[in-house]
Amino acid sequence: MRGPKQRKVVTPIKEQNPSTVVQQHVEQNIHANNVLVAEYDVINKERPISCWKKDLLIPRWLLMTLATLAIVFLTAFIIFATIVTLQKQGNGGACKSNSDCRQDVGLICNNYRCGCAYSHFWSTTYDVCERRRMVNRTCVNDSECDILANLQCFNVTLNNGDIQLQCQCKGGLSWNGIACSYQTLYNSSCINSANCDTTRFLYCDFSAGTPGRCNCNASMFWNANLISGTCEYKRTVNQYCYPYDDSWCDNTAPLGQGLTCAAYSNPYGSEYGVCQCGIYKFYNGTASLGNGYCEPLRDYNHSCSSTSNCDFRKGLICSNNLCTCLSTQNYDSTIVDTGGVFGACTAAATYLDNCTSIIKCSASAGLYCDYTHYASTNITGICNCNSSTSFWDGLECASKLTIGGECTTSTECNAGDGLFCSNYTQSLGTCDCDKNHFWNYTCIIKQWYNTTCPSSYVCDDNRGLFCQPTGGSFFLKCDCFNSSFIWDSLYVTNRSHICVLKMGYGASTCFGDLECQDQNYLKCYNGTCLCTYIDYFNGILCTPKLNFTDPCQNTTMCRDFAPVNLVCRPGPTASHALQCLCNITSYWSDCLQACIVSKYRHQACTLTSNCSSNECDVTANLQCINDTVSNQTVSGWCNCTTLQWWNGTYCRNKGTPSWGSNSSDLCNATYQCADYNLVSCPLGSSSVTSVATCECATTKYWVCQLNVFLLN
């Protein structure tokens, strides 16, 4: 048989899509060398398609008919199921069998009523039977909790303080891991403390192994039989116990009191005892408060509060808060009694008894053998206290008293600190420093004037000194009591160094202003306490001198100093009361507030609206009037008025003729007579040697009532 013809070798084409190559060859006649067209018979090895997987060609009308029938059938089924379901009874509905109830929500027929099974409850929230809830689950009422497990719905306080209803065990029951069971009593087995009756303060005690036993805690005891008893706190000292059972007493250690139930005669009966410390112990607290514990009796020289604290086997007593022997005994630590107790109190010589190296003084009383008492021998002495540190108080050598200690003699006070028994002439005194010292851990001499002090206690009050704030409360110094006193050696150092009263007005001899009553404004002038020149003393203090026209009693009250120069003299008032005024040769200047020397005749003066002024010399009867002579119209001058004439010394009233018993005034010129009333001097001479009298003219006469002339 001829083999197949060998084909021409062709070059493989690059990786290209064959369909693209064929298409380009057909359309564009390219890649001719790369195209090989061949036909093959392919055997179809695929499995035939099932008829039900083949596309069914169903007429549309048939498809619509089948869909309609399906919808009708489904609707009918739903309606039927609804009717059947609605016909079944809900929770609480009447029934004869379970099929009558809505089993789809868990209801069953129980006593002809539809309800939940005993292990379930009806949930009004979801309208379905739910499983009853176990311990610690939330609930609304008791029906939601598992009654078979003895659970009930209780209010429970959460850790955050909120209140929540939860399923919990009924009272007297506890959760044992499966259900609530009754709490067991004293000495019953338990797996946790919840199994024990907590109302009786029991807990599960595993100290003896597992399971545990319900027991009281270490601070309590079971006080009766297994059924009627309860745990109560252990009894404290002096409380009864029964029947001589130490467990009733607080006998735990080290935190307990260590008490035992001791026999004691009491009204509860002979079988009752009382909680007490052991015979060789004492209670170190207050029995009524129960705040102590039993401790061994204390040994020699140990602290104590009463003799019951000290070891009576050694004969010790409590003195000055120390366990010691009587003052007639010494403690011998070498003695051992038959009970094995080391040390005991033995007889000893007491205060002022003779003593030797064999007869010893009572050391517990603080005595020593003073061999210097008998100068002739150093073998025998007397028992005495150390005079520098102690004294005999009748029982023992007591330490010398410090400040404030009650005493009868100064030997009882600590003289080394400078103390003595003040008021020692009385039945009872006090250890104190003498009047020149103050106490500061020892007696210190009191401080003198102007030294820094914390209080008046350190200042020498014997000298009148007290602690005073001289520059505010932060600068305290020893000073005299108040401003009425002065340190007498402030200016002169060789005085008494005491506070004395400051000197008053007119007192002497002073050496400085502070020695005078400066609170009354006095000052020291030439050794005398006086007011300043601008003040006067009103009997109490210095007050400013009075001004012009002020009432006065004497010139020292007025501003008599230069340049004011006021004097006290009768004033111009009708009563002529004394006033501060200028003297008669001066006048008051309001501008200068001083007295000015009055002006003399023909000196310029200031005219006033009424042509009068006080600038002119009133002693010469001068007045300020218009200056008609010098033609000074702006100012006036001091001169006599027209009713007067100048006699060379003062202005004199012009003379008048005789009238009544009055004779005519003398004259030597007409201007000296009342010429304004036609009176003249007939002589008409200006010679001082020629004297005449003022007369009316010969044709006139003088009328004295009117002081005028009339025609004949």
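**Cysteines and strands: a short tour**

Start with cysteine 145: its relative accessible area is 0%, so it is buried. Keep in mind that this is a predicted model.

What does cysteine 145 join? Its disulfide partner is cysteine 167, with an S to S distance of 2.0 Å. Cysteine 167 is buried too, at 0% relative accessibility. The torsion about their S-S bond is about -85°, so this disulfide is left-handed. The pair links distant parts of the chain. Cysteine 145 sits in the loop between β4 and β5, cysteine 167 in strand β6, and they are 22 residues apart.

Stay with strand β6. Cysteine 169 lies there, and cysteine 180 lies in strand β8, so their link ties together parts 11 residues apart in sequence. These two form a disulfide, S to S 2.0 Å. Both are buried.

Further along, cysteine 516 and cysteine 529 form another disulfide. Their link is left-handed, at -85°. In total, the count is 34 disulfides.

Which residue holds the cysteine sulfur nearest to that of cysteine 696? Cysteine 694, but 9.9 Å away, and cysteine 696 is in no disulfide. A disulfide needs sulfur atoms within 2.5 Å, so that distance does not qualify.

Now the strands. The protein has 2 helices and 55 strands. Take one open sheet of 3 strands, in the order β14-β16-β15, with antiparallel pairing. Its edge strands are β14 and β15, and each pairs on one side only. β15 and β16 pair over 4 bridges. Threonine 260 stands opposite glutamine 276 in β16.

Last, the whole protein. Of its 712 residues, 31% are buried.

Terms used:
Residues are numbered from 1 along each chain as its sequence is written. This is a predicted model: local features need pLDDT of at least 70, side-chain atom pairs count only at pLDDT 80 or more; totals for chains, interfaces and linings use all residues. Side-chain values use heavy atoms; hydrogens and water are left out. Two strands pair if DSSP finds at least two bridges between them. Buried means under 20% relative accessible area, exposed over 50%, partly exposed in between (1.4 Å probe, protein chains only).
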